[in-house]
2 protein chains.
Amino acid sequence: MEVDEVMCLPRLPRVAVCGGTHGNELSGVYLVREMLKVEKKVVEEEEEPVLVMIVLSNPRATQQCHRYVDTDLNRCFTHATLNGPMSDTDPYEIVRSRELNTLLGPKGSRQAVDLVCDLHNTTANMGMCLITYSDCDWICLHIFRHLQKEIPDIPMRFIHFDVSNKESYSLDSVGKHGFAMEIGPQPHGVVRSNIYTAMKGGVQHMLDWVRLFNSGTMFKGGFVDVFTMVKHIDYPRDSVTHNITAAIHPHLQDRDFCLLHPEDPLFQTFSGETLRYKGKEPLYPFFINECAYYEKGIALSLARKRRVMGFLVFKG
Amino acid sequence: MEVDEVMCLPRLPRVAVCGGTHGNELSGVYLVREMLKVEKKVVEEEEEPVLVMIVLSNPRATQQCHRYVDTDLNRCFTHATLNGPMSDTDPYEIVRSRELNTLLGPKGSRQAVDLVCDLHNTTANMGMCLITYSDCDWICLHIFRHLQKEIPDIPMRFIHFDVSNKESYSLDSVGKHGFAMEIGPQPHGVVRSNIYTAMKGGVQHMLDWVRLFNSGTMFKGGFVDVFTMVKHIDYPRDSVTHNITAAIHPHLQDRDFCLLHPEDPLFQTFSGETLRYKGKEPLYPFFINECAYYEKGIALSLARKRRVMGFLVFKG
């Protein structure tokens, strides 16, 4: 009989649930608004074992139903940006990132909230993904395993961006632990009931897990398949206008996390030609045809998959 | 044996294909750019029986990948707006609508182009729709029948907005004949190969029909199912904030053109409650959860269907 490796971790008294970090990703916007209503009702009645902070991250962008007003808020949480010199002419999101860092951080400090769950949508057919900067944070990995067990009808993946804490740029990096909960496909500026309900379930089960963990429940080890981002691929573009000259190939569209092999169709040009994947290694595509990444020069991202064996985890 | 009623119509020497009337509806943007490239190549080689004008309607909005810059261009083509007093402070789209009216119209005049095909996308699951202001324009109805026959694998509907020529507000109303070609589902700001290819096929077959018609081909009568818009339904909203409090019900989402009966589920509130359709008459829903219509107060539109019997049509 195999015996789990054991890890004892401090409890998680403060959790932040953030939505509207991108103002046109509407599941998180409406879920956070709904949670704020309910919070107001129950705050006097219930004794919460967890302090849940509910945050609408970018109220101005949300008001305009745009991803951002001046610059992408979810790229502003590097140490350099948070701690750079301040000026009256700072873009709105730079100012807002510092407000959020004061509220939920400071990033990297003992005062930071214990867990940040930041809610996102994608136009890609990615199901539910937890996106983190670590492949060995067993709080995030156990929450992922719990969601997998509790929500078996939604495809679920764990994505790892291998970026240092200093260079990490997204809101969830402000917490001691943190992840983005990314759900799609949903057009930006649209709310679909099925996606909203999936996110609501994801957040509820995440909070349930934190309460169970805090109250002393042990979580057995096991494996998680981790998709580590390897590289991005841009669209083919016109060398003069920089306009894209092809769309994702119909054989690849909506096939997020289906292994892409060398010579598989990648793009279809607007004149009808097929362009193929020229990489040497089969990799897993994700964020295929994400709306917001056209301007970032990303048509899709590619990941390597590996199985991470887990620890038994309990509160110390 | 039934004999067709016969209608003799003038030929169509000038056709306009317009894309980017809404700058974030990308199939039309990229199709028009592609057609402009090809046009440059073939203009010296081919003797065209039809003058095809290819127009990027809203270049500024297209540049920003927004629906519009100041106001919705596709609501600016009423007689009142086109012929109102001009001023230096006019919104960009008002100025642009007058430029387009000069280029393709003037609306209602003998100089107007013979046919305007204006390319649009929707986030609704509508397949391909031709949208017009007439249920008896047998140029548009025969083009629709031709597309139905030539593109059998895409669901296709003919939508009629019963609005007078004076009040008609969209770019296609500038031509002697005109329709919007609306294809979905596709998120705004995204181009999907399958939707792009469908639109490309739709435009090619439309132009083929015009060439056949101009060269004397007779088109036999037959029927068309016409969906006439009856009313719009808005989302439930908070009386103070005006924010929506519900999304389209999952049973209704993506069921465009499936008959909606009294008491069928219509919305699901963000707290999980089902709201039902309270109309007395079964009607056909369309534009279900169209992104751009949140701000217009339209969650879906409802139509009555009736079968229009057609005329044999030929060029006089």
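Which residues touch the most other members of the largest nonpolar core? In this predicted model, they are A:Met181, A:Met206 and B:Leu300, in a core of 68 residues. The element giving the most to this core is helix H6 of chain A (residues 193-214), with 10 residues. A second core, separate from the one above, has 67 residues, and A:Ile288, A:Leu302, B:Leu12 and B:Phe179 are among them. In soluble globular proteins, nonpolar side chains tend to be buried together.

The surroundings of A:Met181 can be given by residue. Apart from neighbours within four places in sequence, A:Met181 is in contact with A:Cys117, A:Asp118, A:Leu119 and A:His120, with A:Met128, A:Cys129 and A:Leu130, and with A:Leu147, A:Met199, A:Gly202 and A:Val203.

**Relation of the two chains**

A turn of 180° with a shift of 0.0 Å along the axis lays chain A on chain B with an RMSD of 0.0 Å. The two copies are therefore related as by a two-fold rotation axis. Within chain A, the residue that comes closest to this axis is A:Pro187, whose C-alpha lies at 2.4 Å. The copies meet through the same surface, because 100% of the interface residues of chain A are also interface residues in chain B.

**Salt bridges**

Over all chains, the structure holds 30 salt bridges. Three of them are listed here with their N to O distances.

| Pair | Distance (N to O) |
|---|---|
| A:Asp72 and A:Lys296 | 2.8 Å |
| A:Arg98 and A:Asp90 | 3.1 Å |
| B:Arg98 and B:Asp90 | 3.1 Å |

The pair A:Asp72 and A:Lys296 links distant parts of the chain, 224 residues apart. A:Asp72 belongs to the loop between H2 and helix H3 (79-83), whereas A:Lys296 belongs to the loop between strand E12 (284-286) and strand E13 (300-309). A:Asp72 counts as buried, at 5% relative accessibility, while A:Lys296 is partly exposed, with a relative accessible area of 30%. Both residues also take part in a network of salt bridges that links A:Glu25, A:Arg67, A:Asp72 and A:Lys296.

For the other two pairs in the table, the arginine is buried in each chain: A:Arg98 has 12% relative accessibility, and B:Arg98 has a relative accessible area of 13%. Both values count as buried because the cut-off is under 20% relative accessible area.

**The site of A:Asn58**

A:Asn58 is placed in the loop between strand E3 (51-56) and helix H2 (59-64) of chain A. Is this residue buried or exposed? A:Asn58 is buried, and its relative accessible area is 0%. Its side chain has polar partners: a polar atom of that side chain lies 3.1 Å from the backbone nitrogen of A:Ala61, and the side chain of A:Glu93 makes a polar contact with the A:Asn58 side chain at 3.0 Å. Beyond neighbours within four places in sequence, the contacts of A:Asn58 are A:Gly20, A:Thr21, A:Arg67, A:Tyr68, A:Leu73, A:Tyr92 and A:Glu93. One of these contacts, A:Arg67, is also a member of the salt-bridge network described above.

**Annotated region**

An unreviewed UniProt entry annotates residues 224-305 of chain A as "domain: AstE/AspA barrel-sandwich hybrid". In the model, this span is 0% helix and 37% strand, and its end C-alpha atoms lie 10 Å apart.

Key: Residues are numbered from 1 along each chain as its sequence is written. Chains are lettered from A and ligands numbered from 1 in the order in which they are written. This is a predicted model: local features need pLDDT of at least 70, side-chain atom pairs count only at pLDDT 80 or more; totals for chains, interfaces and linings use all residues. Side-chain values use heavy atoms; hydrogens and water are left out. UniProt positions are given in the numbering used here, feature names are shortened, and annotations may be inferred rather than shown by experiment. Helices (H or I, at least four residues) and strands (E, at least two) are DSSP runs, numbered from the N terminus. Buried means under 20% relative accessible area, exposed over 50%, partly exposed in between (1.4 Å probe, protein chains only). A polar contact is a pair of N or O atoms within 3.5 Å; within protein, one must be able to donate a hydrogen and the other to accept it, and residues adjacent in sequence count only if both atoms are side-chain atoms. Contact means heavy atoms within 4.5 Å. A nonpolar core is a set of buried Ala, Val, Leu, Ile, Met, Phe, Trp, Tyr and Cys residues joined through side-chain atoms within 4.5 Å. A salt bridge is a side-chain nitrogen of Lys or Arg within 4 Å of a carboxyl oxygen of Asp or Glu. Copies are superposed by least squares on the C-alpha atoms of residues with pLDDT of at least 70 in both.
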